[in-house]
Amino acid sequence: MPTSTLIRNGTVVTATETRPADVLIEGERIKEVRAGLPVEGVDRVIDAAGLYVLPGGIDAHTHLDMPFGGTTSADDFLTGTRAAAFGGTTSLVDFAIQARGTRMRDALDTWWKKAEGKAAIDYGLHMIVTDLGGAGLEDMDDVVAEGVASFKLFMAYPNVLMVDDGTIFKALSQTAKNGALICMHAENGSVIDVIIARALAEGKTAPIYHALTRPPRAEAEAVHRAIALAEIAGAPVYIVHLSSEDALNQVREARDRGVPAFAETCPQYLLLSIEELERPNFEGAKYVFTPPLRPKEHQPKLWDGLKDDHLQVVSTDHCPFCFADQKILGKDDFTKIPNGGPGIENRLQLIYHHGVNAGKISLNRFVEITSTTPARIFGMYPRKGEIAPGSDADVVLWDPAALYTISAQTHHMRVDYSMFEGYEVKGNARTVISRGEVIVDNGEFLGKPGRGQYLKRTARGGAWK
Ligand code: URP
Ligand code: ZN
Ligand code: ZN
């Protein structure tokens with residue numbers, strides 16, 4: 001592998017500026033960024049004329065090789081990270097799950113093993129907390145020391161992953177001390193379960209009832225409660241996969257009061273709506289994930305939220321299940337459809353095309369919400385999410401003129417459908433560099449399974465910006 005690489009003639013785009021500049025990479029890091037860098041003595045020169053030079057994308061919410069809903073998500077750490085790389089994502093943060101009654105360290109070991117020999121890009125791990133009995137609070141500190149700078153707790157999925165308010169409050173209080181960040185799946189699971197039981201009793205078993213039994217107010221209520229509990233604990237909080245205007249209003253209201261509340265949304269909530277679940281022949285099941293898709297009117301509100309910084313991050317919540325042999329588990333009962341959808345490969349294409357090309361967000365904001373802010377919030381900045389001397393040489397050469405049609409026929413995710421089948425986008429990753437190594441070039445994967453490193457992240461103690 002060349003030890004030095006010069007990216008010439010491109011336009012460097014960061015969260016704060018757009019300028020013509022060359023980028024010199026030495027080993028795994030960026031050495032220098034300025035116009036007119038000399039080519040003499042450089043091992044490899046890449047011409048980036050007509051291309052944007054972006055910091056590699058960071059997907060802060062993925063579920064690779066995850067047991068869920070009686071099956072396991074279809075992408076493992078090899079197929080999932082490879083697909084991510086094709087789309088210009090060079091780091092992700094996945095979720096280890098603490099099984100009830102077990103130690104968090106065991107979950108960490110299990111997920112490290114899942115990634116070993118497979119991950120093709122760098123990865124961090126959040127810890128899903130299911131149990132704070134016994135040594136739970138000590139365990140939180142223990143895994144923070146191992147670079148787990150964030151935890152996810154569920155206010156949904158009773159009897160599976162849901163924890164009560166006391167547990168949430170204890171976890172938030174612990175992070176107020178150890179500087180980690182609590183991520184909340186915010187939906188009122190107990191109320192939703194009652195609504196689901198009523199629907200099933202009335203014979204309502206089709207995929208659409210997944211959405212109709214999880215109203216936006218159930219999300220908004222939980223977001224409100226999560227933020228209130230965080231305020232009492234004196235800790236920041238991050239709402240994952242926010243899907244509705246109702247929930248967004250809660251985040252905005254809190255942020256307007258100066259509360260450190262943060263939230264992400266996902267391409268599916270920005271671009272798809274509840275009608276997808278009514279597709280015939282059970283195809284609505286392809287769009288069963290949680291929170292569910294909402295009526296179309298929510299979409300412009302979410303885009304505005306991203307533009308105005310009421311929402312800070314776009315991640316994918318990539319959790320793929322094949323239609324033919326996994327989604328089908330819920331053929332006669334929507335509650336048995338494994339919850340989740342694929343998206344790890346298409347995040348940058350979709351947000352660039354429908355955000356930047358459509359004039360909804362600026363180019364710099366695109367970089368900020370897909371790379372720089374996730375790096376900051378999740379304790380990876382400035383190693384990741386930046387084009388600057390000293391940062392990891394995770395660089396995407398983005399072709400703003402490339403035309404691409406998203407399809408399950410050509411995607412690299414190990415799943416038999418695309419939520420965005422037939423979507424045409426303008427703008428795509430041409431060359432993807434991870435720690436100085438070209439891992440994707442012109443549609444060819446050049447990375448090696450297992451080359452991705454575990455990211456030991458720093459608990460930032462609320463110093464996000
Ligand atoms: O339906 C979803 N979102 N599946 C993944 C698990 C989660 O709640 O994030
Ligand atoms: Zn969730
Ligand atoms: Zn998720």
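**Note on the predicted model and its zinc site**

1. The secondary structure of the protein chain comprises twelve helices and 21 strands; it should be kept in mind throughout that this is a predicted model.

2. As to overall dimensions, the C-alpha trace of the protein chain spans about 75 × 50 × 45 Å along its principal axes. A compact globule of 465 residues would have a radius of gyration near 23 Å, and the 21 Å found for the protein chain therefore agrees with that expectation.

3. On packing, 62% of the 465 residues in the protein chain are buried, and, of the contacts between residues at least 6 apart in sequence, 76% join residues at least 24 apart.

4. Turning to the surface, the protein chain exposes about 16,100 Å², of which carbon and sulfur atoms supply 50%. The charged side chains number 49 positive and 60 negative, and the centres of these two sets lie 1 Å apart.

5. The zinc ion (ligand 2) is coordinated at 2.1 to 2.2 Å by Lys-152 through NZ, His-185 through ND1 and His-241 through NE2, and along the chain these donors follow the spacing K-x32-H-x55-H. Because Lys-152 belongs to strand E13 (residues 150-154) and His-185 to strand E14 (residues 181-185), this pair ties together parts that are 33 residues apart in sequence. Both Lys-152 and His-185 are buried.

6. A second metal should be considered together with this site, since the model places the zinc ion (ligand 3) at 3.9 Å from the zinc ion (ligand 2). In reading the coordination of the zinc ion (ligand 2), note that water is not among the atoms, so the site may look incomplete.

Key: Residues numbered from 1 in each chain as written. Chains lettered and ligands numbered in written order. Predicted model: local features only at pLDDT ≥ 70, side-chain atom pairs only at ≥ 80, totals over all residues. Heavy atoms only, no water. Donors = N, O, S within 2.8 Å, 3.2 Å for Na, K, Ca; no water. Helix = DSSP H or I, 4+ residues; strand = E, 2+ residues; numbered from the N terminus. Buried < 20%, exposed > 50% of the residue type's maximum accessible area, 1.4 Å probe, protein only. Rg over C-alpha atoms; globule rule 2.2 N^0.38 Å. Contact = heavy atoms within 4.5 Å. Areas by Shrake-Rupley, 256 points an atom, 1.4 Å probe, with all protein chains shown as cover. Lys, Arg positive; Asp, Glu negative; His and termini not counted. Charge placed at Lys NZ, Arg CZ, Asp CG, Glu CD.
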